[in-house]
Amino acid sequence: ILGACSHPTEQALPRGTRVLALGDSLTAGYGVNPGEAWPVLLASRTGWEIVNAGISGDTTAGGLQRLPVLLEEHSPALVIVSLGGNDMLRRVPQLETIANLNRILDLIHAHGAKTVLLATPKPSITGAVFNSLSAADFYQLIAESHKVPLIEDALPDVLSDPKLKVDALHPNAAGHLLLTEKLFKSLKAIGYVR
């Protein structure tokens with residue numbers, strides 16, 4: 001989706017803007033020091049105040065349950081949603097995952113915040129063996145349906161490189177650093193970063 005954007009479509013968010021990162025262990029920074037997780041690094045790059053609402057093991061259902069309180073407490077201008085990986089690992093029916101993500105995006109919209117969807121790679125033995133993971137297809141459908149920007153390849157690219165991981169599922173410090181660079185470039189292409 002980002003590839004189709006020849007010019008930014010959103011207004012830049014100034015320094016000090018509150019942003020919520022809603023996710024699982026990939027957002028929480030499992031396996032790295034707290035200061036090495038991408039929300040902290042991205043806050044440093046953008047000047048935004050990023051609230052890391054990543055919880056290891058969380059699912060779309062868990063994120064949906066937590067979201068109303070997070071929106072009320074932090075009143076973010078932007079929410080970066082990175083959920084769905086644990087749903088796929090636990091074989092939650094895809095329609096349930098899609099329904100939860102749709103409700104998450106609806107809640108964010110109703111609260112007056114913008115959303116960026118960050119796609120998680122689909123579990124794949126072939127992808128793991130050949131280090132070529134790709135995003136699950138449903139992210140693109142949800143992004144198109146809600147007309148929100150999708151950052152599709154950042155996580156799959158990082159998690160396809162064994163040198164950038166602490167284990168089979170999580171980026172190491174170098175992985176979080178590269179992920180931050182990819183997110184920064186994507187957010188710039190969208191227009192949120194000048």
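This talk goes through three helix pairs in a predicted model, and then some single residues.

Some housekeeping before the helices. The model is predicted, so local features need pLDDT of at least 70 and side-chain atom pairs count only at pLDDT 80 or more, while totals for chains, interfaces and linings use all residues. Residues are numbered from 1 along each chain as its sequence is written, and side-chain values use heavy atoms, with hydrogens and water left out. Helices and strands are DSSP runs numbered from the N terminus, where a helix is H or I over at least four residues and a strand is E over at least two.

I start with helix 2, residues 38–46, and helix 9, residues 173–190. Their axes are 9 Å apart and the packing angle is about 50 degrees. An axis here is a line fitted to C-alpha atoms, for helices over the stretch in contact, and angles run from 0 to 180 degrees between N-to-C directions. Helix 2 and helix 9 are therefore oblique to each other. On that scale, under 35 degrees is roughly parallel, over 145 roughly antiparallel, 65 to 115 roughly perpendicular, and the rest oblique. The crossing of helix 2 and helix 9 is right-handed, meaning that the near helix is turned clockwise from the far one by less than a right angle; anticlockwise would be left-handed.

Which residues of helix 2 meet helix 9? They are Trp38, Leu41, Leu42, Arg45 and Thr46. On the helix 9 side, the partners include His176, Leu177, Phe184 and Leu187. Contact means heavy atoms within 4.5 Å. By class, this contact of helix 2 with helix 9 has eight nonpolar, three polar and two charged residues. Nonpolar covers Ala, Val, Leu, Ile, Met, Phe, Trp, Tyr, Cys and Pro; charged covers Asp, Glu, Lys and Arg; the others, Gly among them, are polar.

Leu178 also lies in helix 9. Its C-alpha atom is 8.9 Å from that of Trp38, although the two are 140 residues apart along the chain. Leu178 is partly exposed, because its relative accessible area is 32%. The classes are buried under 20%, exposed over 50% and partly exposed in between, with a 1.4 Å probe and protein chains only. Beyond its neighbours within four places in sequence, Leu178 is in contact with Val158 and Leu164.

Next, helix 3 and helix 5. Helix 5 spans residues 94–110, and its axis is 9 Å from that of helix 3, at an angle of about 10 degrees. That makes helix 3 roughly parallel to helix 5. Helix 3 brings residues including Thr60, Gly63, Leu67 and Leu71, and helix 5 brings, among them, Asn100, Ile104 and Ile108. The contact of helix 3 with helix 5 has nine nonpolar, four polar and one charged residues.

Just before helix 3 is Asp58, in the loop between strand 2 (49–54) and helix 3 (60–74). Is Asp58 buried or exposed? Asp58 is buried, because its relative accessible area is 10%. A polar atom of its side chain lies 3.4 Å from the backbone nitrogen of Gly63. Outside its neighbours within four places in sequence, Asp58 is in contact with Gly23, Asp24, Gly63, Arg66, Leu83 and Asn86.

Helix 5 has a further partner, helix 7, residues 138–146. The axes of helix 5 and helix 7 come within 11 Å and cross at roughly 35 degrees. Their crossing is right-handed. From helix 7, the residues that meet helix 5 are Phe138, Tyr139, Ile142 and His146. The contact of helix 5 with helix 7 has six nonpolar, four polar and one charged residues.

Ala143 is found in helix 7 and counts as buried at 2% relative accessibility. The C-alpha atoms of Ala143 and Leu105 are separated by 9.3 Å, with their positions 38 residues apart along the chain.

Last, some backbone angles. Most residues other than glycine have a negative phi. Arg91, in the loop between helix 4 (85–89) and helix 5, has a positive phi near 55 degrees. Arg91 counts as exposed, at 74% relative accessibility. Lys147, in the loop between helix 7 and strand 5 (150–151), has a positive phi near 55 degrees. Lys147 counts as exposed, at 74% relative accessibility.

Definitions and conventions:
A polar contact is a pair of N or O atoms within 3.5 Å; within protein, one must be able to donate a hydrogen and the other to accept it, and residues adjacent in sequence count only if both atoms are side-chain atoms.
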